[in-house]
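Me: I have a protein model open and want to get my bearings. Can you walk me through it?

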Amino acid sequence: MNDRELTRRLLGPEGPEVTCDACFEQLDRYVEIEVAGGDPDAAVPGMAAHLEGCPACSEEHDSLVALLRSSPTEGP
């Protein structure tokens, strides 16, 4: 991690950031939009910044993404 990245992480995000509680309330919807190819950051502002700075929520996010991408899609 370089000095710029360290400074950015210490100062936090410039925009809105959700809390862990809000993250867990919105994470399913966020991941569904992400996996579907939509714009999850537009749907849940501040989530990306939170995920970048919170290892626990980021791990949950990554697990949900992996689960949805490994799940077979429903047929007609």
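Reply: Here is a short run through the fold, the core, the cysteines and a few single residues.

Me: Before that, what kind of model is it, and how are residues numbered?

Reply: It is a predicted model: local features need pLDDT of at least 70, side-chain atom pairs count only at pLDDT 80 or more, and totals for chains, interfaces and linings use all residues. Residues are numbered from 1 along each chain as its sequence is written, and side-chain values use heavy atoms, with hydrogens and water left out.

Me: How many helices and strands are in the protein chain?

Reply: Five helices and zero strands. The pattern along the sequence is α-α-α-α-α. Helices here are DSSP runs (H or I, at least four residues), strands are E runs of at least two, and numbering starts from the N terminus.

Me: How much of the protein chain counts as buried?

Reply: Of its 76 residues, 21%. Buried means under 20% relative accessible area, exposed means over 50%, and partly exposed is in between (1.4 Å probe, protein chains only).

Me: And the accessible surface?

Reply: About 5600 Å², with 52% of that belonging to carbon and sulfur atoms. The areas come from the Shrake-Rupley method with a 1.4 Å probe; for residues, only the protein chains shown count as cover.

Me: What share of the contacts comes from residues 24 or more positions apart?

Reply: 67% of the contacts with a separation of 6 or more. Contact means heavy atoms within 4.5 Å.

Me: Core next. Which residues make up the largest nonpolar core?

Reply: There are 12 residues in all: Val 18, Cys 23, Leu 27, Tyr 30, Val 31, Val 44, Met 47, Leu 51, Cys 54, Cys 57, Leu 64 and Val 65. Helices α2, α4 (47–53) and α5 each supply at least two of them. Helix α2 gives the most, four residues. A nonpolar core is a set of buried Ala, Val, Leu, Ile, Met, Phe, Trp, Tyr and Cys residues joined through side-chain atoms within 4.5 Å.

Me: What does Val 65 touch?

Reply: Val 31, Glu 34 and Val 35, not counting residues up to four places away in sequence.

Me: Cysteines now. How many disulfides?

Reply: Zero. A disulfide needs a pair of cysteine sulfur atoms within 2.5 Å. Cys 20 is in none; its nearest cysteine sulfur, in Cys 54, is 3.7 Å away.

Me: Why is the sulfur of Cys 57 not in a bond with Cys 54?

Reply: Because the sulfurs are 3.6 Å apart, too far for a bond, although Cys 54 holds the closest cysteine sulfur to that of Cys 57.

Me: Are Cys 20 and Cys 57 buried or partly exposed?

Reply: Cys 57 is buried, at 0% relative accessible area. Cys 20 is partly exposed, at 35%.

Me: Where is His 50, and what does it touch?

Reply: His 50 is in helix α4. Its relative accessibility is 5%, so it counts as buried. Setting aside residues up to four places away in sequence, His 50 touches Glu 17, Val 18, Thr 19, Cys 20, Cys 23 and Cys 57.

Me: Tell me about Thr 19.

Reply: Thr 19 is in the loop between α1 (3–11) and α2 (20–35). It counts as partly exposed, at 49% relative accessibility. A polar atom of its side chain lies 3.1 Å from the backbone nitrogen of Ala 22. The C-alpha atoms of Thr 19 and His 50 are 7.2 Å apart, with their positions 31 residues apart along the chain.

Me: And Val 18?

Reply: Val 18 is found in the loop between α1 and α2. It is buried, at 17% relative accessibility. Leaving aside neighbours within four places in sequence, Val 18 is in contact with Cys 23, Pro 45, Gly 46, Met 47 and His 50.

Me: Back to histidines. Where is His 61?

Reply: In helix α5 (residues 55–70). His 61 is buried, with a relative accessible area of 11%.

Me: Which polar contact does the side chain of His 61 make?

Reply: One with the side chain of Asp 62, at 3.0 Å. A polar contact is a pair of N or O atoms within 3.5 Å; within protein, one must be able to donate a hydrogen and the other to accept it, and residues adjacent in sequence count only if both atoms are side-chain atoms.

Me: What else is His 61 in contact with?

Reply: Leu 27, Tyr 30, Val 31, Glu 34 and Leu 51, leaving aside neighbours within four places in sequence.
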